[in-house]
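Welcome! Here is a short briefing to read with the protein on your screen, one topic at a time.

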Amino acid sequence: MFTGQIKDAFLIDAQSGPDALRWKKRKVLNALRETFGMEVAFISRFEAGDRVFDEVESSFDFDPPGVARGARGPAQGSYCLRVLEGEVPALIHDARTVASVQDIAATRDWPIGAHVSVPIRLSNGRCFGMLCAFGRKPDLTLSLRDQAMFELCAALLARDIETSAQAEDADRDPPLQAAIAAGDFAFALQPIFDMARDAPIGYELFTRFAPEFGPTEEVFRRAKYLDLILPLEEVILQRAPEVLALIPPHAFLSLNLSVSTFEDFDPAPLLAQVGPGRLVLELTEHERVADYASLAARVARAQASAVRLAIDDVGAGYASFRHVMQLRPDIVKIDRALISGIEGSAAQGSFVAALADYARATGTQVIAEGIERIEERDWLLAHGITWGQGYLLGRPQMVRPGLVLA
């Protein structure tokens with residue numbers, strides 16, 4: 001039912017902040033407008049008796065007065081309210097033939113031909129506003145199936161709008177905010193080995209919070225939900241030089257970074273303290289990318305400054321493969337699920353060997369994650385994969401005064 005454009009629009013992760021939600025709304029509006037040949041598409045919201053234009057997308061040659069983001073006017077007498085109250089049909093082939101809208105100035109002034117408008121309802125039953133599109137020409141081909149497309153888009157937008165509102169209205173978790181602001185968390189380091197030489201060549205940095213905050217993954221999920229992921233990761237980046245001082249000068253430090261933080265990342269201040277070639281930033285597949293061209297440009301600038309990019313969990317899902325193809329990383333980290341028991345699985349072996357062949361062809365380094373058994377290590381070495389990480393090679397160690405790493 002979804003077109004490719006609309007499907008792509010809904011792949012944007014609106015939970016990563018208000019800017020991402022706005023971007024998603026605009027992508028959805030443009031996709032609907034182009035799919036159905038409309039000139040204007042907008043999301044309105046109802047506020048204190050007014051109809052406010054929340055987001056608006058229009059064609060280059062039609063800019064109707066009063067239809068702009070943030071513009072507001074009385075809801076009474078608008079298409080939006082009349083559709084909501086059942087006075088006007090949700091789908092109109094030609095507004096000039098519908099008696100119930102002839103007293104609305106826009107019908108004749110713009111004029112309005114085809115028009116589709118459906119409510120955006122939240123889970124508590126409240127109507128946030130309307131999802132609408134219109135054009136100046138009639139369109140007799142519009143069908144109830146097309147109306148259903150708008151209704152499905154409205155339902156999906158409602159979910160993201162509500163999630164965003166909950167994040168803004170929810171308790172901001174003052175203890176977590178305070179811990180992030182103060183850098184009140186610890187670090188652990190796990191070695192990454194060159195297995196052919198049996199020597200560590202780098203260390204991955206893990207963040208550890210006090211037990212009352214819960215598991216680390218849950219803390220990061222909560223930080224993302226509360227729009228605290230950027231300040232959290234900024235503090236981690238600021239503290240990276242003190243951790244690098246603990247590891248041998250030949251070794252690199254690898255740390256995870258969200259797409260949102262990477263898009264704002266300026267490597268210059270950090271590199272002034274740590275030197276080139278010693279920092280590896282890992283992108284995971286847990287956050288969708290809204291604009292690969294923009295992110296790729298950021299990656300290229302970081303790589304030009306001798307910051308290496310790694311894609312984590314490759315093989316765990318589609319997103320990691322898309323990261324690899326779109327971003328040209330320096331390192332790919334093969335997900336532990338593909339490594340576990342690899343010596344006894346022809347399917348896993350073929351897949352990992354293919355990834356290794358791709359990496360060699362593109363000049364990309366491979367790191368195998370989650371190595372826990374000698375048989376797994378031996379299989380990897382036999383197939384030319386020499387860099388690895390896992391409990392067999394070395395467990396994470398807490399960063400503490402006096403820590404000495406090889």
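What follows is a tour of the sheet, the salt bridges, the aromatic rings and a few unusual backbone spots.

Please keep in mind that this is a predicted model. The structure holds 25 salt bridges and 9 aromatic pairs. An open sheet of 6 strands is also part of the picture.

**The sheet**

- Strands of a sheet pair through backbone hydrogen bonds, either parallel or antiparallel.
- Here the open sheet has 6 strands in the order 3-2-1-6-5-4, and the pairing is antiparallel.
- Strand 3 and strand 4 (91-92) are the edge strands, as each of them pairs on one side only.
- Strand 1 (residues 40-47) runs antiparallel to strand 2, and 8 bridges connect the two.
- To find one of these contacts on your screen, look for Ala-41, whose bridge partner in strand 2 is Glu-57.

**Salt bridges**

- Side chains of opposite charge can pair when their charged atoms come close.
- Lys-24 and Asp-160 form a salt bridge, with 2.6 Å from N to O. This pair links distant parts of the chain, with Lys-24 in helix 2 (residues 18-35) and Asp-160 in helix 5 (residues 144-169), 136 residues apart.
- Are Lys-24 and Asp-160 buried or exposed? Lys-24 counts as buried because its relative accessibility is 1%, and Asp-160 counts as buried because its value is 5%.
- Glu-57, which you met in the sheet as the partner of Ala-41, also forms a salt bridge with Arg-26 (2.8 Å, N to O). Arg-26 belongs to helix 2 and Glu-57 to strand 2, so their pair ties together parts that are 31 residues apart in sequence.
- In that pair, Arg-26 is partly exposed at 31% relative accessibility, whereas Glu-57 is buried with a relative accessible area of 11%.
- Glu-55 and Arg-69 meet in another salt bridge, again given as 2.8 Å from N to O. Glu-55 sits in strand 2 and Arg-69 in the loop between strand 2 and strand 3, 14 residues apart.
- Glu-55 is buried, with a relative accessible area of 3%, while Arg-69 is partly exposed, with 49%.
- Some salt bridges share partners: Lys-25, Arg-45, Glu-47, Asp-50, Asp-54 and Arg-72 are joined into one network.

**A buried charge without a salt bridge**

- Glu-233 is located in helix 8 (residues 229-244).
- Glu-233 is buried yet has no salt bridge. The nearest side chain of opposite charge is Lys-224, 10 Å away.
- Which residues does Glu-233 touch, not counting those up to four places away in sequence? The contacts are Phe-220, Asn-256, Leu-257, Ser-258 and Thr-261.

**Aromatic rings**

- A pair of aromatic rings is described by the distance of the centres and the angle of the planes.
- Among the 9 aromatic pairs is the one formed by Phe-62 and Phe-134, which is edge-to-face, with 6.4 Å centre to centre and 90° between the planes.
- Phe-62 lies in the loop between strand 2 (50-58) and strand 3 (72-74), and Phe-134 in strand 6 (residues 127-134), so this pair ties together parts that are 72 residues apart in sequence.
- Both Phe-62 and Phe-134 are buried.
- Phe-62 has a charged partner as well: the charged end of Arg-136 sits over the ring of Phe-62, 4.0 Å from its centre.
- In a second case, the charged end of Arg-308 sits over the ring of Phe-252, 4.9 Å from its centre.
- Phe-185, Phe-187, Phe-209 and Phe-220 form one aromatic cluster. Phe-220 is also one of the residues that Glu-233 touches.

**Unusual backbone spots**

- Most residues other than glycine have a negative phi, and most peptide bonds are trans.
- Trp-110 and Pro-111 are joined by a cis peptide bond, with omega about -15°. Pro-111 lies in the loop between helix 4 (105-109) and strand 5 (115-121).
- Asp-198 is not a glycine, yet has a positive phi of about 55°. You can find Asp-198 in the loop between strand 7 (186-194) and strand 8 (199-208), where it is exposed with a relative accessible area of 59%.
- Arg-328, also a residue other than glycine, has a positive phi near 50°. Arg-328 is in the loop between helix 12 (318-327) and strand 12 (331-334), and is exposed with a relative accessible area of 69%.

How values were computed. Residues numbered from 1 in each chain as written. Predicted model: local features only at pLDDT ≥ 70, side-chain atom pairs only at ≥ 80, totals over all residues. Heavy atoms only, no water. Phe/Tyr/Trp six-rings, centres within 6.5 Å; stacked < 30°, edge-to-face > 60°. Helix = DSSP H or I, 4+ residues; strand = E, 2+ residues; numbered from the N terminus. Buried < 20%, exposed > 50% of the residue type's maximum accessible area, 1.4 Å probe, protein only. Lys NZ or Arg CZ within 6 Å of the ring centre and 35° of its normal. Lys, Arg positive; Asp, Glu negative; His and termini not counted. Salt bridge = Lys/Arg side-chain N within 4 Å of Asp/Glu carboxyl O. Contact = heavy atoms within 4.5 Å. Pairing = 2+ DSSP bridges.
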